[in-house]
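The following exercises concern a single protein chain. Each sets a task and then works through a solution step by step.

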Amino acid sequence: AFAITPGDSCVLTGGPTRGIYVGVTGDVAVAMASVNNVTHVGLAAGVWHPIQAQQVLSTGTTATSILGGR
């Protein structure tokens, strides 16, 4: 697992995630591996969510303590 700092211009190095962990409940806006932007609303804390993201956007993301897994 690796820490993710949301950013509107930062593409994740090493390829897309296989999952995203949220430490504090909230919304997570991502650029998906399929290049679509999607906001996942109300992701629960303490759970790995099966999201293949190339980027976690700061605009629209309210969740914190975000981790990525490959």
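**Exercise 1.** Determine whether strand β3 (residues 26–32) is enclosed or open to the surroundings, and identify its strand partners.

*Solution.* The model is a predicted one.

Step 1. A residue counts as buried when its relative accessible area is under 20%. In β3, 6 of the 7 residues are buried, so the strand is largely enclosed by the rest of the structure.

Step 2. Strand β4 (residues 37–43) runs antiparallel to β3 and is joined to it by 5 bridges. Within this pairing, valine 38 of β4 is the residue opposite valine 30. The two strands make a hairpin with 4 residues between them, and valine 35 in the turn has a positive phi of about 75°.

Step 3. Strand β6 (residues 53–57) is also antiparallel to β3, with 4 bridges joining the two. Here alanine 31 has glutamine 55 of β6 as its bridge partner.

**Exercise 2.** Establish what β3 contributes to the largest nonpolar core.

*Solution.* Step 1. The core has 13 residues; Ile20, Val22, Val28, Val30, Ile51, Val56 and Ile66 touch the most other members.

Step 2. Two or more residues are given to this core by each of β2, β3 and β6. The largest share, 3 residues, comes from β3.

Step 3. Consider Val30 in detail. Not counting residues up to four places away in sequence, valine 30 touches Ile20, Asn36, Asn37, Val38, His40, Ile51, Ala53, Gln55, Val56 and Leu57.

Step 4. A general tendency offers context: in soluble globular proteins, nonpolar side chains tend to be buried together.

**Exercise 3.** Work out the strand order of the open sheet formed by 4 strands, and name its edge strands.

*Solution.* Step 1. The order is β1-β7-β2-β5, with antiparallel pairing. The edges are β1 (2–3) and β5 (47–49), each of which pairs on one side only.

Step 2. Take the pairings in that order. Between β1 and strand β7 (residues 64–69) there are 2 bridges, in the antiparallel sense; glycine 68 in β7 is the bridge partner of phenylalanine 2.

Step 3. The antiparallel pairing of β2 and β7 extends over 5 bridges. Threonine 64 in β7 stands opposite valine 24.

Step 4. Finally, β2 and β5 run antiparallel and are joined by 3 bridges. One bridge partnership in this pairing sets tyrosine 21 against tryptophan 48 of β5.

**Exercise 4.** Describe the geometry and the exposure of the aromatic pair formed by tyrosine 21 and tryptophan 48.

*Solution.* Step 1. The structure contains 1 aromatic pair. In it, the rings of tyrosine 21 and tryptophan 48 are 5.6 Å apart centre to centre, with 50° between the planes, and the pair is tilted.

Step 2. The partners come from distant parts of the chain: tyrosine 21 belongs to strand β2 (residues 19–24) and tryptophan 48 to strand β5, 27 residues apart.

Step 3. Values between the buried and exposed limits of 20% and 50% count as partly exposed. Tyrosine 21, at a relative accessible area of 25%, is therefore partly exposed. Tryptophan 48, at 44%, is likewise partly exposed.

**Exercise 5.** Characterise the surroundings of histidine 49 and proline 50, and state whether each is buried or exposed.

*Solution.* Step 1. Histidine 49 lies in strand β5 and is buried, with a relative accessible area of 12%. Its side chain reaches the backbone oxygen of alanine 44 at 3.1 Å. Leaving aside neighbours within four places in sequence, histidine 49 is in contact with residues including Arg18, Gly19, Ile20 and Val22.

Step 2. Proline 50 occupies the loop between β5 and β6. It is exposed, with a relative accessible area of 77%.

Step 3. Beyond its neighbours within four places in sequence, proline 50 is in contact with Arg18 and Gly19. The C-alpha atoms of proline 50 and glycine 19 are 4.4 Å apart, although the residues are 31 apart in sequence.

**Exercise 6.** Assess the overall dimensions of the protein chain.

*Solution.* Step 1. The chain has 0 helices and 7 strands. Its radius of gyration is 10 Å, close to the 11 Å from the globule rule for 70 residues, so the chain is as compact as a globular protein of that length.

Step 2. The C-alpha trace spans about 25 × 25 × 20 Å along its principal axes.

Step 3. Of the 70 residues, 37% are buried. Among contacts with a separation of 6 or more, 65% involve residues 24 or more positions apart.

Terms used
Residues numbered from 1 in each chain as written. Predicted model: local features only at pLDDT ≥ 70, side-chain atom pairs only at ≥ 80, totals over all residues. Heavy atoms only, no water. Buried < 20%, exposed > 50% of the residue type's maximum accessible area, 1.4 Å probe, protein only. Pairing = 2+ DSSP bridges. Phe/Tyr/Trp six-rings, centres within 6.5 Å; stacked < 30°, edge-to-face > 60°. Core = buried A, V, L, I, M, F, W, Y, C linked by side-chain atoms within 4.5 Å. Contact = heavy atoms within 4.5 Å. Polar contact = N/O pair within 3.5 Å; in protein donor to acceptor, adjacent residues only side chain to side chain. Rg over C-alpha atoms; globule rule 2.2 N^0.38 Å.
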